[in-house]
Amino acid sequence: MKSRNQAVENLADQPKFKLKNLTLALQDDALILRDISLEFPAGQVTCLIGPSGSGKSTLLRCLNRLWEPPAGTVFLGGVDITSLDVLALRRKVGMLFQTPALFDGTVADNVAFGPVLRGKSLSDERVGDLLEMAGLPRAMASKSSDELSGGEAQRAALARALANEPEVLLLDEPTSALDPAATRQVEESILHLRDTLGLTVVWVSHSVEQVMRVADTMALLANGRLQEAGDPAHLLSSGHHLSKDFAAGRM
Ligand code: ADP
Ligand code: MG
């Protein structure tokens, strides 16, 4: 018989997210995602790439039920996410979009938003810690959100997501509106969080160069289907893989 500790260790070994034959159809029966089975390893960055319209954002949205997946298709730590409280799920699984939607007020107001919704206040100390985790100076807490550059705003949105103490971050092209320097800063902050907190990251990117910089593993979608998944350096550079075609602009 397995000991309790062994069972806990086994749980830690399993992928953070697991998709089992995920198919999504629209009302007119058009398929957006087709029979996708895929695992997202814990504590790693998995990049999703593929042509525009291939289903990357839809897949990402299924992971925190912004798009409701069918029961029995998406598992977080072995648990069917459709059985979880949706707000609790979204605290565990934070998300950043291409354009950070900060509301009017200070950076601190924005960072504290999630906890405040649940009736908890954040200390100035904690807000400062979260800003630092997102690669921003603590003093930025008192700035008005509309004074931030695009890169600063995206990192403030990251600090706001971190305030919920997520286990997973979903990133939907978070740097595509940023200049190269701000892009690198966001990339470095995310990789630092993976390394220090063990965050699991699912990162939609249209930049093959970015995938090469940040991905531990990757998956290529086309026309709602999973085409290839595995090691980015291998898939993007060697042999006759579709990923190489994508990288070369042939898809
Ligand atoms: P990607 O992020 O890879 O560009 P999306 O996941 O946004 O692709 O879209 C995949 C397909 O699903 C596209 O054909 C898109 O038009 C369609 N689609 C996305 N969202 C909706 C929606 N809310 N209603 C209908 N069709 C949608
Ligand atoms: Mg998209």
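The following exchange goes through the ligand site and the strands of a predicted model.

Trainee: What makes G53 a polar contact of ligand 1?

Mentor: The cut-off is 3.5 Å between N or O atoms. A backbone N or O atom of G53 lies 2.7 Å from an oxygen atom of ligand 1, so the pair qualifies.

Trainee: How do you know that the side chains of S57 and T58 also make polar contacts with ligand 1?

Mentor: An N or O atom in the side chain of S57 is 2.9 Å from an oxygen atom of the ligand, and for the side chain of T58 the value is 2.5 Å. Both pairs are within 3.5 Å and therefore count. Taken alone, ligand 1 exposes 560 Å², and the protein buries 54% of that.

Trainee: Which element gives the largest share of the shell around ligand 1?

Mentor: Helix 2, residues 56-63, with three residues. The shell includes K56, S57 and T58, as well as L26, I32 and W67.

Trainee: Why is G53 counted as polar in that shell?

Mentor: G53 is among the residues around ligand 1, and Gly is placed with the polar residues by definition. The shell divides into four nonpolar, six polar and one charged.

Trainee: Why are strand 6 and strand 10 called edge strands?

Mentor: The six-stranded sheet is open, with the order 6-7-8-3-9-10 and mixed pairing. Strand 6 (93-96) and strand 10 (225-230) each have a single partner strand, so one side of each has no neighbour in the sheet. From one strand to the next, the twist averages 20°.

Trainee: What makes strand 6 and strand 7 a pair?

Mentor: At least two bridges are required. Strand 6 and strand 7 (residues 168-172) have four, in the parallel sense, so they pair. L96 stands opposite L171 in strand 7.

Trainee: Which helices pack on this sheet, and at what angles?

Mentor: Helix 2 touches strands 3, 6, 7, 8 and 9, and its direction makes about 155° with that of strand 7. Helix 8 (residues 180-197) touches strand 3, strand 7 and strand 8, at about 150° to the direction of strand 8.

Trainee: How do you know that strand 1 and strand 2 pair?

Mentor: Strand 1 (residues 17-25) and strand 2 (residues 31-40) share six bridges in the antiparallel sense. The requirement is at least two, so the pairing holds. A25 stands opposite L31 in strand 2. Their hairpin has five residues between the strands, and D29 takes a positive phi near 75° there.

Technical notes:
Residues are numbered from 1 along each chain as its sequence is written. Chains are lettered from A and ligands numbered from 1 in the order in which they are written. This is a predicted model: local features need pLDDT of at least 70, side-chain atom pairs count only at pLDDT 80 or more; totals for chains, interfaces and linings use all residues. Side-chain values use heavy atoms; hydrogens and water are left out. A residue is near a molecule or strand if one of its heavy atoms lies within 4 Å of it. A polar contact is a pair of N or O atoms within 3.5 Å; within protein, one must be able to donate a hydrogen and the other to accept it, and residues adjacent in sequence count only if both atoms are side-chain atoms. Accessible areas come from the Shrake-Rupley method with a 1.4 Å probe; for residues, only the protein chains shown count as cover. Axes are lines fitted to C-alpha atoms, for helices over the stretch in contact, and angles run from 0 to 180 degrees between N-to-C directions. Contact means heavy atoms within 4.5 Å.
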